[in-house]
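Take a moment with the sequence and the model before reading on. The text then walks through a few parts, one at a time.

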Amino acid sequence: MATVCCRRKLAPLRPSTFIWSSLAGQRYSSSSSRAGPSSLSSKPNSDLQSPSSDLAKAKTNSSSEDELKPLSRPLGVREKPAIRHQTKLERLKEVLTNDEAIAEQRKHLVKEAVTKGYFHDLNATRRHGGKTWIAPKVLIREDRSLYFPDICGKSLADGSEEHTTSMCMGKISIICLLNTKISEIHVASFTTPTLARFSSHPLFNHLQINLQSNALKSMLVSLFLSSLRRTIPPEQHSYYLVSSQNLEYERDAIGLMNDRVGYVYLVDENLRVRWAGCADATPEEARSLEVCVSMLVTRLEKKRQEMAEKGQRLLGELQEMRASKS
């Protein structure tokens, strides 16, 4: 009886068949995992390869998106600029009565509300320093180029009201739009080699426009005009404008995407934008601006010379006609 009782007590301690089979399955799985690639099927598993390929494609796409690209379109407005601007009352009347103006206003407000926040420009400077395109290496073709809009501002020399249209007509002009101290450094990186070569040329203009569309900033700038005159060389005072003009409807047209960086536009004698650059210039961009200015100045000199020779010929023919009649 004692032996039987011991067997009954020890019987539950024996592992069951289920436990042994599970342990055996574990041994088999572990041994197969240690067996290496030879124990697996020779056919490639597409499900295992697809995540890595998708990740590589995603990295390639992100790198291509982060890469700066050259300027892909002509900058400017389609209508030739005029010195007279619409008053606020005229603009309000047009917005309330003209269907096209209403649609334009609605589109502009939606775009501003959806795509641009208060700190949009500041956050954009974290990517490529606010640079949005690479300046072209050559001039934009004249038949495809667009007009630079008229900007009105007060001259730093005497406070008189000046317009870019009247100042740039008939000359090759570099127009710099700046808003902050860093933007002054940006435009200087573009224009320094060109100004050293063409600053004294009679057919060349260099305009700097301190554009402050914000009312508070504009008031602060007007209060510190005396200190601004001390920092700007006296010979440039007549070509330095302080403007509070609102360019909200021309921003996309002229590529003015970020108020924190500087913009440089090369405008020909017909007020057409032939070249543009933004933010900090590379050595290639600064050299490109100098070459493009040289080409436009040379063409304008040749055109002026041909016109002068033609005028002299006409004057000579007129004098011969008068002499023959007499």
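What follows covers a sheet, two helices that lie across it, and one serine in a loop.

Keep in mind that this model is predicted. Start with the sheet. It is open and has 7 strands. Their order is 2-1-5-4-3-6-7, and the pairing is mixed. Strand 2 (161-163) and strand 7 (273-278) form the edges, each pairing on one side only. On average, neighbouring strands are turned by 30 degrees against each other, with direction ignored.

Now look at one pair inside this order. Strand 3 (residues 172-178) and strand 6 (residues 263-267) run antiparallel. They are joined by 5 bridges. Leu-177 stands opposite Tyr-263 of strand 6.

Next come the helices. Helix 8 lies across strand 3, strand 4 (204-211), strand 5 (240-243), strand 6 and strand 7. Its direction makes an angle of about 160 degrees with strand 3. Helix 12 lies across strand 3, strand 4, strand 6 and strand 7. For helix 12, the angle to strand 7 is about 160 degrees.

How do the axes of helix 8 and helix 12 cross, and at what angle? The axes of helix 8 (residues 181-198) and helix 12 (residues 283-325) come within 8 Å and cross at roughly 40 degrees. The crossing is right-handed. On the helix 8 side, the contact is made by Ser-189, Phe-190, Thr-191, Pro-193, Thr-194, Arg-197 and Phe-198. Helix 12 contributes Glu-285, Ala-286, Leu-289, Glu-290, Val-293, Ser-294 and Val-297. By class, 7 of the contact residues are nonpolar, 4 are polar and 3 are charged.

Finally, turn to Ser-145. This residue sits in the loop between helix 6 (120-124) and strand 1 (152-155). Is Ser-145 buried or exposed? Its relative accessibility is 2%, so Ser-145 counts as buried; the cut-off for buried is under 20%.

Which residues does Ser-145 touch, leaving out those up to four places away in sequence? They are Pro-74, Ile-140, Arg-272, Val-273 and Arg-274. Arg-272 is 127 residues from Ser-145 along the chain, yet their C-alpha atoms are separated by 6.0 Å. Val-273 and Arg-274 fall within the range of strand 7 (273-278), an edge strand of the sheet. The side chain of Ser-145 also reaches the backbone oxygen of Glu-142, at 2.8 Å.

Definitions and conventions:
Residues are numbered from 1 along each chain as its sequence is written. This is a predicted model: local features need pLDDT of at least 70, side-chain atom pairs count only at pLDDT 80 or more; totals for chains, interfaces and linings use all residues. Side-chain values use heavy atoms; hydrogens and water are left out. Axes are lines fitted to C-alpha atoms, for helices over the stretch in contact, and angles run from 0 to 180 degrees between N-to-C directions. Helices (H or I, at least four residues) and strands (E, at least two) are DSSP runs, numbered from the N terminus. A crossing is left-handed if the near helix is turned anticlockwise from the far one by less than a right angle, and right-handed if clockwise. Contact means heavy atoms within 4.5 Å. Ala, Val, Leu, Ile, Met, Phe, Trp, Tyr, Cys and Pro count as nonpolar, Asp, Glu, Lys and Arg as charged, and the others, Gly among them, as polar. Buried means under 20% relative accessible area, exposed over 50%, partly exposed in between (1.4 Å probe, protein chains only). A polar contact is a pair of N or O atoms within 3.5 Å; within protein, one must be able to donate a hydrogen and the other to accept it, and residues adjacent in sequence count only if both atoms are side-chain atoms. Two strands pair if DSSP finds at least two bridges between them.
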